[in-house]
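Q: Hello! I am new to this structure and would like a close look at a single part of it, followed by a walk through its surroundings.

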2 protein chains.
Amino acid sequence: MQKLPKAVRQLVEKFERLPGIGPRSAQRLVFYLLHNPTTELEDFADKLLALKRDTVMCAKCHNVAESNPCSICADANRQTNSICVVEQPLDLLALEKSGRYHGLYHVLHGSIAPLNNIGPDQLYLRDLLKRLGGVTELILATNPTMEGEATALYIKEMITTSNLSNKDQIAITRIGHGLPIGADIEYADGVTLARALEGRRQI
Amino acid sequence: MQKLPKAVRQLVEKFERLPGIGPRSAQRLVFYLLHNPTTELEDFADKLLALKRDTVMCAKCHNVAESNPCSICADANRQTNSICVVEQPLDLLALEKSGRYHGLYHVLHGSIAPLNNIGPDQLYLRDLLKRLGGVTELILATNPTMEGEATALYIKEMITTSNLSNKDQIAITRIGHGLPIGADIEYADGVTLARALEGRRQI
């Protein structure tokens, strides 16, 4: 049987390893790239090499950034008494896009997931405690999933059982759950509706 | 507003240009790659550079291959009196996997699509004529789409109006259309069913 050329096969394997890309999509992508000029492929390769070389992790909030500390941690206009905990850098980006948060962040780079062998020590959790001096609000913006909820609860426990001198002055809040804007009550799932009722507010 | 680091943004742009990958998937892929070791990214970049460097187009059949002529054209065991015309190298691969064809191929690298400005001259069509000496069967295995059908008809016309001395000895066939194996007649579309009836065979 005729096989694909080795160079094609090896690049297909690389694409296959990416999340959400199956063997068929990987083949399509590689044959698409074959029709591109060599300079385009060189440019793609350059950008891949630049990815880790030109980014750093902010030592304070663990966001992926161009500088350390990152532009948010270094920004004198941000409220330093508020920290918002998120799972991933993309979550931080989504919150920034909302334009309604002006405090600092803390990126965990994951959530507690025992089934995947991810415990508290595999996340940037412990050094969150060191950042809480002077903080008056901690917003837990982990995802509304099993893992995200467990992580939020773990963080609350970690703080209340810690020996932080100001732990009673920190308002620990969970990001609001309910119906997303534009959603249809008719099609909403029961858990979301229950949360929306629990979180009802006077207008 | 906080923006993504430049290195991240530029790689996201590269992934976005690939077919079937939107802005959100591209971001996910790049952040996934950020968690990979640098050696893995270097390897990915290497494979990208190798793609065009280590593959050639077979001058006879225009398949993407490691050698010129490709392993099929160079194989003395293949029937040289039969040529199967396909749109893309992946179509050739699919036919090879079926294990039922032992002749040669001709890869057009596309189909006639006037809406996309792809005419006969943008495809490897003309030099098909030069390969037809001694050929007794030409199988047109372009896709069963508007463009594929138009291309098949164009090839038939091109041969019948040519001044090839053996053009009357070439059986020009179109690959069979009908119900795919495992399909449900109930859910088949009308055009496919019409083709399946037209193509009925005695058992």
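Is G178(B) buried, exposed or partly exposed, and how many other C-beta atoms lie within 10 Å?

A: Happy to help. This is a predicted model, in which local features need pLDDT of at least 70 and side-chain atom pairs count only at pLDDT 80 or more, while totals for chains, interfaces and linings use all residues. Residues are numbered from 1 along each chain as its sequence is written, and chains are lettered from A and ligands numbered from 1 in the order in which they are written.

G178(B) is partly exposed, with 18 other C-beta atoms within 10 Å. For that label, a residue is buried if 20 or more other C-beta atoms lie within 10 Å of its own, exposed if 12 or fewer, and partly exposed in between, with C-beta atoms placed from the backbone. You will find G178(B) in the loop between β6 (171-174) and α7 (190-198) of chain B. Helices (H or I, at least four residues) and strands (E, at least two) are DSSP runs, numbered from the N terminus. Leaving aside residues up to four places away in sequence, G178(B) touches T192(B), R195(B), A196(B) and G199(B); here two residues are in contact if their C-beta atoms, placed from the backbone, lie within 7 Å. One of these partners, T192(B), is 14 residues from G178(B) along the chain, and their C-alpha atoms are separated by 5.5 Å.

Now let us look at other loops. In chain B, H62(B) lies in the loop between β1 (56-57) and β2. H62(B) has a phi near 65°, which is positive although the residue is not a glycine. H62(B) is buried, with 21 other C-beta atoms within 10 Å. Over in chain A, H62(A) sits in the loop between β1 (56-57) and β2, its phi is positive at about 65°, and H62(A) is buried with 21 other C-beta atoms within 10 Å. Further along chain B, a cis peptide bond joins N68(B) to P69(B), with omega about 0°. P69(B) belongs to the loop between β2 (64-65) and β3 (82-86) of chain B. In chain A, the bond from N68(A) to P69(A) is cis too, with omega near 0°, and P69(A) is in the loop between β2 and β3 (82-86). As background, most residues other than glycine have a negative phi, and most peptide bonds are trans.

How do the two chains relate? A turn of 180° with a shift of 0.0 Å along the axis lays chain A on chain B with an RMSD of 0.0 Å; copies are superposed by least squares on the C-alpha atoms of residues with pLDDT of at least 70 in both. That is the relation of a two-fold axis. Of the residues of chain A, A45(A) comes closest to this rotation axis, its C-alpha at 2.1 Å.

The contact between the chains takes 46 residues from chain A and 46 residues from chain B. On the side of chain A that touches chain B, α3(A) gives the largest share, 11 residues. The residues of that side divide into 27 nonpolar, nine polar and 10 charged; Ala, Val, Leu, Ile, Met, Phe, Trp, Tyr, Cys and Pro count as nonpolar, Asp, Glu, Lys and Arg as charged, and the others, Gly among them, as polar. Because 100% of the interface residues of chain A are also interface residues in chain B, the copies meet through the same surface.

Within this contact, helix α3 (residues 38-53) of chain A packs on helix α3 (residues 38-53) of chain B at an angle of about 175°, with their axes 9 Å apart. That makes α3(A) roughly antiparallel to α3(B), the label for angles over 145 degrees. Axes are lines fitted to C-alpha atoms, for helices over the stretch in contact, and angles run from 0 to 180 degrees between N-to-C directions. Among the residues of α3(A) that take part are L41(A), A45(A) and L48(A), and those of α3(B) include L41(B), A45(B) and L48(B). By class, this helix contact has 12 nonpolar, two polar and four charged residues.

Helix α1 (residues 6-16) of chain B has buried residues A7(B), V8(B), L11(B), V12(B), K14(B) and F15(B). Seen down the axis of α1(B), they fall within an arc of 155°, so they line one face of the helix; the arc is that of the directions from the helix axis to the C-beta atoms. What covers them includes α3 and β2 of chain A together with α2 (23-34) of chain B.

Notes: Parallel < 35°, antiparallel > 145°, perpendicular 65-115°, else oblique.
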